[in-house]
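User: I'm new to this one and would like a guided look. Could you give me the overall picture and then zoom in on a single part of your choice?

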Amino acid sequence: MTPYTHKVQYYETDKMGITHHSNYIRFCEEARIDFMERLGYGYDQMEADGIGSPVVSVKCDYKKSTTFADVIEIAVKVLELTQVKLTLQYTMTVSGKTVCVAESAHCFLNSKGRILRIDKDLPEFYEKLNALT
């Protein structure tokens with residue numbers, strides 16, 4: 001899948017002129033939304049189907065600073081897929097150099113807040129994810 005790109009905006013930088021660390025989590029979310037849409041099951045469709053997908057954990061390892069106007073390419077891959085949890089990895093690069101590696105784990109909930117089994121309750125989506133592992 002083609003990496004998602006994000007151009008660092010001025011407001012995303014701090015007084016030292018580097019991208020504030022909290023923004024990388026937002027960049028992951030942007031890339032995840034794009035990834036899900038490309039798989040054919042975007043968040044708008046999930047919500048229309050009464051399904052939520054909360055973040056259950058997040059990890060972010062910063063390798064190199066980015067600054068205003070840097071174009072960050074974010075490659076998303078399925079790191080782990082179980083019956084109830086999806087873990088994605090985000091590798092962020094600028095000009096081919098890794099600047100950040102992050103992970104986020106998600107479960108899927110029905111409209112009553114109960115955990116769904118992705119393999120049973122969303123079989124087509126599960127198969128698309130499984131093909132990427």
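Analyst: **Surface first, then one helix**

About 7600 Å² of the protein chain is exposed, and 50% of that comes from carbon and sulfur atoms (areas are by the Shrake-Rupley method with a 1.4 Å probe, and for residues only the protein chains shown count as cover). Keep in mind that this is a predicted model, where local features need pLDDT of at least 70, side-chain atom pairs count only at pLDDT 80 or more, and totals for chains, interfaces and linings use all residues. Residues are numbered from 1 along each chain as its sequence is written, and side-chain values use heavy atoms, with hydrogens and water left out.

Now the layout. The protein chain has 4 helices and 5 strands, counted as DSSP runs numbered from the N terminus (helices are H or I with at least four residues, strands are E with at least two). In sequence order they read β-α-α-β-β-β-β-α-α. The radius of gyration is 16 Å, close to the 14 Å that the globule rule gives for 133 residues, so the chain is as compact as a globular protein of that length (the radius is taken over C-alpha atoms, and the rule is 2.2 Å times the number of residues to the power 0.38). Of the 133 residues, 39% are buried; buried means under 20% relative accessible area, exposed over 50%, and partly exposed in between, with a 1.4 Å probe and protein chains only. Among contacts with a separation of 6 or more, 61% link residues 24 or more positions apart, a contact being heavy atoms within 4.5 Å.

Let's zoom in on helix H4, residues 123–130, where Phe125, Tyr126 and Leu129 are buried. Looking down the axis of H4, these buried residues fall within an arc of 100°, so they line one face of the helix (the arc is that of the directions from the helix axis to the C-beta atoms). Here's the background: an α-helix has 3.6 residues a turn, so residues three or four places apart point the same way. And what covers the buried residues of H4? The cover includes helix H1 (23–39), strand E3 (71–81), strand E4 (86–94) and helix H3 (118–121).

For contrast, follow E4 onward to Ser95, which sits in the loop between E4 and strand E5 (97–106). Ser95 is exposed at 74% relative accessibility, and has a positive phi of about 50° although it isn't a glycine. Ala69, in the loop between strand E2 (55–62) and E3, has a positive phi too, about 75°, but Ala69 is partly exposed at 33%.
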